[in-house]
Each structure stands twice: as structure tokens, then as C-alpha cells.
Amino acid sequence: MSAPTRRDDAATPPQAVRSGNPHDLWQQAIRIRQEWLDHALSTQPADRSTAERCLAAIYARASRPRPRFAWVDSPEQARPLITGWPTLDQLHEHIRDPRPRGKPPLASDLAMNTSQLRAALSAGVTHTDPELSPLRNSKTKQPWPELAPPHALDSGVPLAVVLHQGVRTALHRSLAHGYYLPVRAALEGDSPVPVCWYGQQDASWIAYYDLLRRLGLARYGPDETEHLDTWADLARSCGWWWPGEDVCVVVDRPQAVHTEPVSGTPHDQIRLQPDGLRYRDGWQPPLNR
């Protein structure tokens with residue numbers, strides 16, 4: 001599967017929403033969600049110049065100089081280059097330490113910057129963002145049910161909830177549980193893998209805030225817009241990446257991706273087929289269900 005040519009409306013400021021009808025907005029949301037899913041599953045060769053530009057900008061926001069870039073054909077090929085880099089457990093230990101020694105690891109600074117960006121983007125949403133505070137039915141005080149979107153809207157589920165369930169949550173389930181988590185498990189074996197970001201498979205949160213902007217349901221400041229666009233361009237450009245202080249290890253996009261629908265889900269979720277992923281060096285991770 002290959003990603004489509006980048007759409008002009010993905011790179012330009014959103015236009016005014018022509019219709020405020022929730023069903024019409026949902027139909028627009030489906031198209032935007034599919035656009036981002038196509039990017040997440042793309043098998044086109046990485047756009048290395050764009051990826052390096054975006055990564056240098058992300059490093060700069062963490063007060064780090066532009067790194068040297070080491071490109072590899074698969075996560076398996078990255079293993080020798082990232083030996084000894086911090087794992088997630090080690091980052092947590094550093095955070096919990098009341099007197100941590102030395103400056104925080106780069107991965108910790110990047111995670112903090114990304115968290116702050118997402119909070120700032122949520123502050124620009126025109127409604128109460130379910131990303132920050134799950135909305136509940138005012139009568140039952142229970143979380144809104146997850147239904148097929150047309151039925152949900154007809155049943156009174158707020159559009160904000162449907163968009164969050166149908167884009168943010170659905171893409172996360174497809175790309176995390178259906179893709180990078182089983183691939184990471186295959187990569188780890190008995191040895192934890194250092195902290196990384198997932199490039200094109202980080203699309204779930206990027207797609208969500210991009211969607212709200214393009215539907216006219218969010219208005220972000222110039223700095224937040226620039227920062228979001230950096231992450232969006234990165235997700236359109238490459239695969240996984242590991243941030244080191246001096247070198248950033250970046251994986252090219254896969255050679256072949258084959259997915260299948262997850263039955264019984266209201267938001268068209270997908271997952272990798274058992275032998276559905278092959279990287280450019282021939283690595284095919286064994287995927288357990």
C-alpha cells in the first residue's frame with residue numbers, strides 16, 4: 001500500500017466549514033481519517049530530506065543541536081546502533097528520582113515537549129476536548145457509548161465525542177494495538193528496546209488535531225500550528241526513529257504492509273495480517289495475536 005500524494009488542504013490553513021450538520025462533518029472526518037491512515041501504512045521510500053528537517057526542528061525545541069542521521073532499513077537493523085540507550089523503565093526511574101543526576105535524557109525532554117504541545121492544541125479546541133476530559137451523559141453520568149457514528153449522532157452523542165472515538169481512539173487502536181505494539185514485541189524478545197517514536201504510526205494524535213483544525217473546530221496559535229505541522233510532515237515522511245544526543249536513528253518505511261479489518265468495531269479498525277509486514281532488508285517480524 002502506498003500513501004497518496006500529499007493533499008494541498010493538509011498543508012494550508014483550514015477553510016470555514018460549509019456545513020455545521022454533524023452528519024456532514026462526520027463524512028468529512030472519514031475522508032481525513034483515511035488520508036492519515038494511508039500515510040500511516042505507506043510503503044513509499046522515506047522522504048529523507050523532509051524527515052531530517054522535521055527531526056532537526058524537534059531537536060531544536062529541546063535545545064539540542066542538529067544530530068547526525070543514521071538511516072536503516074528496519075527496526076531490527078537499528079538494534080546495534082541503539083544499544084545502551086534509555087528504555088521506558090529507565091526514563092521513569094529518572095523522573096521518580098528526587099535528585100536525578102545530570103541533565104534529563106533527550107527522550108524525556110522530547111516526551112515533555114510533545115505532551116505540552118498536545119495540551120496547548122486541546123486548549124485551542126472550540127468545545128470541551130474529550131482528549132483532556134472524557135465527556136459523560138448528563139443524565140446517566142456514564143461515559144458515552146461507542147456506537148456506529150450515524151447511530152451515535154442520531155442518539156444524541158455529541159459530535160466531539162464521535163470525532164474523538166472515531167478518529168483519535170480508532171486510529172490509535174489500529175496503529176498501536178494493530179501495528180507497532182506487536183512489531184515492538186517481536187523486536188524486543190527478551191531485551192527491552194530503547195524509547196522510540198513511531199513516525200508514520202504516530203498519526204493518531206496528529207490526525208485528530210489536524211482534523212479539528214480542518215473542520216473549523218479548533219484554532220491554534222502560530223507556534224502550536226508550526227509545531228503540529230512539523231510532526232505532521234514527519235509522520236508523512238518516515239518510519240520509526242530513536243533520538244540519541246548526537247545521532248538520530250531513523251527507519252525507512254516498510255516495503256510491504258498487508259492489513260485486515262477488525263470485526264465488530266464501529267470505526268473501521270484494522271490490524272496487520274499475521275505475515276503482513278516486510279521491511280526493505282527482508283525483516284518480517286513474527287506477529288503474535
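Ser174 is buried, with a relative accessible area of 4%. That serine is a friendly way into this predicted model, whose chain holds nine helices and five strands. Of its 289 residues, 51% are buried. The points below start with Ser174 and then move on to the sheet, a helix pair and a few single residues.

**Ser174 and its surroundings**

- Ser174 sits in helix 7, which covers residues 159-188.
- A polar atom of the Ser174 side chain lies 3.0 Å from the backbone nitrogen of Ile270.
- Leaving aside residues up to four places away in sequence, Ser174 touches Tyr179, Gln269 and Ile270.

**The chain as a whole**

- Going along the sequence, you will meet the pattern α-α-β-α-α-α-α-α-α-α-β-β-β-β.
- If you take the contacts between residues at least 6 apart in sequence, 73% of them join residues at least 24 apart.

**The three-stranded sheet**

- Three strands make up an open sheet in the order 1-3-2, and their pairing is mixed.
- Strand 1 and strand 2 (241-243) are at the edges with a single partner strand each, so one side of each has no neighbour in the sheet.
- On average, and with direction ignored, neighbouring strands of this sheet are turned by 15 degrees against each other.
- Strand 1 (residues 68-72) pairs with strand 3 (residues 247-251) in the parallel sense, over five bridges.
- Along that pairing, Arg68 has Val247 as its bridge partner in strand 3, Trp71 stands opposite Val250, and Val72 stands opposite Val251.
- Strand 2 and strand 3 run antiparallel and are joined by three bridges.
- On the strand 2 side, Pro243 stands opposite Cys248 in strand 3.
- The link from strand 2 to strand 3 is a hairpin through three residues.

**How covered the strands are**

- What makes strand 3 largely enclosed by the rest of the structure? Five of its five residues are buried, so the strand is largely enclosed.
- Strand 3 is covered on both faces, with Val247, Val249 and Val251 buried on one side and Cys248 and Val250 buried on the other.
- Strand 1 is mostly covered, with four of its five residues buried.

**Helix 1 against helix 8**

- Helix 1 (residues 22-40) packs with helix 8 (residues 203-214) at an angle of about 145 degrees, and their axes are 10 Å apart.
- The crossing of these two helices is right-handed.
- From helix 1, the residues in the contact are Ala29, Ile32, Glu35, Trp36 and Ala40; they meet Ala203, Ile206, Ala207, Asp210, Leu211 and Arg214 of helix 8.
- By type, the residues of this contact between helix 1 and helix 8 divide into eight nonpolar, no polar and three charged.

**Glu224 in helix 9**

- Glu224 is found in helix 9, residues 222-235.
- With a relative accessibility of 24%, Glu224 counts as partly exposed, because the buried class is kept for values under 20%.
- Glu224 is 107 residues from Leu117 in sequence, yet their C-alpha atoms are 6.7 Å apart in space.
- Not counting residues up to four places away in sequence, Glu224 touches Leu117, Ala120 and Leu121.

**Two loop residues with positive phi**

- As background, most residues other than glycine have a negative phi.
- Ser63 has a positive phi, near 60 degrees, and is not a glycine.
- Ser63 belongs to the loop between helix 2 (48-61) and strand 1.
- Is Ser63 buried or exposed? Ser63 is exposed, with a relative accessible area of 69%.
- Asp268 also has a positive phi in a residue other than glycine, with a value near 55 degrees.
- Asp268 belongs to the loop between strand 4 (256-261) and strand 5 (270-278).
- The relative accessible area of Asp268 is 56%, so Asp268 is exposed.

Definitions and conventions. Residues numbered from 1 in each chain as written. Predicted model: local features only at pLDDT ≥ 70, side-chain atom pairs only at ≥ 80, totals over all residues. Heavy atoms only, no water. Axes fitted to C-alpha atoms, helices over the stretch in contact; angles between N-to-C directions. Left-handed = near helix turned anticlockwise from the far one by under 90°. Contact = heavy atoms within 4.5 Å. Nonpolar A, V, L, I, M, F, W, Y, C, P; charged D, E, K, R; others polar. Buried < 20%, exposed > 50% of the residue type's maximum accessible area, 1.4 Å probe, protein only. Pairing = 2+ DSSP bridges. Polar contact = N/O pair within 3.5 Å; in protein donor to acceptor, adjacent residues only side chain to side chain.
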